[in-house]
Amino acid sequence: MNNEAYNFAYLDEQTKRMIRRALLKAVAIPGYQVPFASREMPMPYGWGTGGVQVSAAILTPDDRLKVIDQGADDTTNAVSIRSFFKRTAGVQTTTATSEATVIQTRHRIPEVPLTEKQTLVYQVPIPEPLRFLEPRESETRKMHSLEEYGLMHVKLYEDIARHGHIATSYAYPVSVEERYIMDPSPIPKFDNPKLSQNAALQLFGAGREQRIYALPPYTKVVSLDFDDHPFEASKANHVCALCGAEHSYLDEVIVDDEGNRMFVCSDTDYCESRRAQGLTGKSAA
Amino acid sequence: MNENDCLLSVKQLEKRYGPHIGCQDVSFDLYPGEVMGIVGESGSGKSTLLNCMAGHLKPDTGEVVFNTRTEGLRDTVTMSEPERRLLSRTDWAFIHQHARDGLRMGVSAGGNVGERMMAVGARHYGDIRRTAEDWLERVEIDTSRIDDRPATFSGGMQQRLQIARNLVTQPRLIFMDEPTGGLDVSVQARLLDLLRSLVRDMNLSVIIVTHDLAVVRLLADRLMVMKSGQVVEQGLTDQVLDDPQHAYTQLLVSSVLHV
Amino acid sequence: MYVSVKGGEQAIENAHAWLDEARRGDTNIAEINVAQIREQLSLSVNRVMAEGSLYDPDLAALAIKQSRGDLIEAIFLIRAYRTTLPRFGYSNAIDTSAMACERRVSATFKDIPGGQILGPTFDYTHRLIDFKLAAEGNAKKASKRDNSVDKMPRVSDFLNREGLMEAVIDNGDTPADLTREPLELPANRSLRLQSLARADEGFLLSLAYSTQRGYARNHAFVGELRIGLVDVVMDIPELGFDIDIGEIQVTECETVNQFTGSKTQPPQFTRGYGLVLGQTERKAISMALVDRAMRWEELGEDDEGAPAQDAEFVLYHSDNIQATGFLEHIKLPHYVDFQAELELIRQLREDAETNLSNTEDAHEQ
């Protein structure tokens with residue numbers, strides 16, 4: 001692929017205009033899933049085609065792009081998407097969260113608070129929070145339009161009845177501005193509080209399912225729960241072995257054949273900048 | 001009593017299936033605490049009528065005026081679908097003949113009873129569960145079964161669970177479609193007994209469709225007899241059953257062994 | 001000290017190099033060229049064009065070469081290329097009754113005006129491995145009839161003349177474009193057919209087969225199956241007249257299905273329809289059966305709950321590019337979500353053990 005053969009950021013201008021229209025509608029109705037005519041992208045469905053299309057539609061030549069997968073800049077799919085935009089849009093890229101204007105993510109929200117100058121683009125596999133309770137799209141759209149959400153709490157009730165806890169640990173459903181119930185994409189529930197009142201614009205793209213939705217800056221987002229079983233943003237009860245962070249989301253890494261484990265920040269940029277400041281954990285000799 | 005006291009007022013209701021009449025020219029008022037029985041053979045139009053009143057079918061002409069809590073009298077036929085669906089999960093309840101149609105078979109008994117509470121905003125797990133237990137007791141289901149799915153219940157238990165699930169939010173009007181229809185005779189008697197005490201204790205307003213005169217004799221204050229889509233006779237239950245005026249009613253009554 | 005694994009970029013580059021090498025295979029064996037694939041693996045080329053929704057045999061052949069013969073991968077390459085192409089406009093509807101037929105058979109009549117033409121079919125071959133082919137056997141020269149003869153009338157038109165076949169009315173609506181608008185339900189027939197035309201052959205085959213075995217059985221006969229070349233004509237507004245911009249090969253299948261009727265309408269045969277790019281006969285017949293099954297509502301038939309009747313189910317699961325992408329994405333890293341699950345299951349097990357020991361304590365007291 002050479003740069004001249006394709007339009008800026010791969011998609012043709014007509015397609016971008018169509019996506020931008022869907023984005024505007026999504027921003028106007030926070031949490032509502034807007035259908036859009038998703039295109040086949042040169043990467044498979046499930047690899048982030050929704051997020052890529054949203055990024056392609058909003059990128060400008062002055063943007064600085066960061067791409068993370070599982071919180072890390074160096075995971076293979078993040079590397080692949082970043083190099084796609086480097087090649088097709090020629091935009092600057094960065095791994096520093098604070099320097100990025102557009103951040104495309106799969107499964108995480110960065111630890112450092114975002115600003116009004118930033119946009120966070122999520123890759124979404126299944127945008128419909130009611131999907132596993134009701135498989136029919138025609139029915140779930142009706143449930144949203146009529147605000148019939150009782151079933152969602154039935155699911156949480158059943159969890160507690162069976163396990164004593166709400167047994168949803170990621171893609172934890174939220175209510176947006178007390179209207180639409182939304183799937184926040186498969187981020188761990190630890191990240192859910194960051195969805196609410198976030199200064200950045202948050203855009204969600206589901207390519208295969210042909211849906212776009214959005215949370216404008218400072219939108220109120222509440223994780224569903226019961227009064228006597230309140231939502232908890234849980235994580236592994238450890239500190240990062242590399243940077244000593246106590247309140248970041250941690251990956252568990254198996255370090256030897258005996259199954260010994262250590263816990264390190266999943267947000268690689270966060271961890272590295274802490275270490276650059278001289279902060280250390282017990283394994284960072 | 002004036003019109004404003006009335007809970008439901010059906011006016012000139014008509015539903016056709018092409019040239020065939022489903023029900024025609026049906027009008028009546030239902031007052032709070034009253035049980036109206038609708039009887040007739042299969043094909044007489046009683047289920048069509050019930051489904052038109054409950055919003056499952058759209059009548060061709062006529063009104064179904066309900067006395068809503070907040071806005072007084074409203075024609076439910078012309079109200080928007082969201083309003084009607086809200087009504088059917090708050091002030092209305094519908095007991096299906098087959099419990100499977102009215103239950104979520106993949107959800108525990110407690111979840112089934114709790115669903116309507118959660119749909120209208122209940123957010124305290126402990127309270128929901130206590131209320132569900134209370135209701136299971138009231139419909140004579142052992143509370144130890146609260147976390148079991150209805151698929152493991154007998155037919156009679158499933159039907160009692162469906163009743164609990166519907167009554168938990170204290171609906172003001174209950175539609176029942178042959179509630180004892182699919183059950184064995186011995187099970188029917190027990191269910192009928194339960195229904196009668198619930199109707200009395202809770203002062204329920206009910207419209208019940210059945211082909212079984214024994215059911216209406218036990219439950220209904222008033223009776224409508226339907227034939228070929230038309231109401232041929234209506235009045236107080238005892239009056240209609242003991243002194244039927246219309247030839248069709250006489251035939252119906254005489255064909256039933258004494259109850 | 002622990003250092004997390006780096007070098008995703010390098011790993012990807014290495015993998016791509018290896019893929020390239022594996023695609024080429026043993027370099028002592030002559031490299032296959034695109035023209036060879038186009039000419040000698042033409043049915044693969046046809047399938048890639050059909051499901052890729054792009055008529056370009058050379059490009060499809062190249063995609064097959066690039067994908068090491070993985071046809072779904074080749075279809076994917078074509079789709080991704082197609083989506084970036086500029087749209088100059090829409091052609092007129094092709095006229096399949098003016099098709100230059102290479103093959104044309106009807107199961108409903110012994111003989112039909114214009115004749116039955118078997119064409120290049122496997123139908124009556126004995127499926128015996130031909131070992132001579134391994135030694136590069138030369139193909140026989142076939143004697144063919146001139147297929148540029150007059151229009152061949154459609155079999156359904158004969159039945160139509162008698163009023164035995166349901167009429168198909170063109171309501172003049174411009175069909176929606178599935179590649180430009182999101183699929184929304186309920187989908188009308190033209191949208192359904194559009195979706196089926198690019199659907200996965202294997203998926204349609206199984207669904208069609210299920211209708212034959214009784215899941216929404218609709219008693220189909222192949223009224224007519226024809227394969228051949230049709231002209232593609234475009235109206236150029238600037239010129240003010242139509243221009244023939246080329247010809248394409250298509251396969252068309254019309255099935256004649258069990259009749260329905262009502263009090264107001266006398267019984268009539270109904271139709272199922274399949275039209276696919278290239279010589280893709282299995283797909284076209286499957287498409288016609290599935291199309292017919294999905295028409296239950298408009299024809300007043302019962303909902304049997306059969307998979308082939310369920311338009312939402314069929315349309316949402318028939319695209320192999322969507323399906324394979326979502327299926328295979330579960331091999332991408334999911335360790336963040338898995339970590340959340342790990343924490344949860346540890347907590348649940350801990351709670352369960354605490355409960356258990358509490359009850360045991362209670363028993364001992």
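Here is a short chat about a predicted model, covering one sheet and the nonpolar cores. Local features need pLDDT of at least 70 and side-chain atom pairs count only at pLDDT 80 or more, while totals for chains, interfaces and linings use all residues; side-chain values use heavy atoms, leaving out hydrogens and water. Residues are numbered from 1 along each chain as its sequence is written, with chains lettered from A and ligands numbered from 1 in the order in which they are written.

Biologist: Which strands stand at the edges of the open sheet in chain B?

Modeller: Strands here are DSSP E runs of at least two residues, numbered from the N terminus, and two of them pair if DSSP finds at least two bridges between them. This mixed sheet has 6 strands in the order 6-7-8-3-9-10. Two of them have a single partner strand each, so one side of each lacks a neighbour in the sheet: strand 6 (92–95) and strand 10 (230–236) of chain B.

Biologist: What is the bridge partner of B:F94 in strand 7 of chain B?

Modeller: Strand 6 of chain B runs parallel to strand 7 (residues 173–177) of chain B, and 4 bridges join them. Within strand 7, B:F94 is partnered by B:F175.

Biologist: Which residues touch the most other members of the largest nonpolar core?

Modeller: A nonpolar core is a set of buried (under 20% relative accessible area, 1.4 Å probe, protein chains only) Ala, Val, Leu, Ile, Met, Phe, Trp, Tyr and Cys residues joined through side-chain atoms within 4.5 Å. This one has 101 residues, and those touching the most other members are A:F85 and B:W135.

Methods. Buried < 20%, exposed > 50% of the residue type's maximum accessible area, 1.4 Å probe, protein only.
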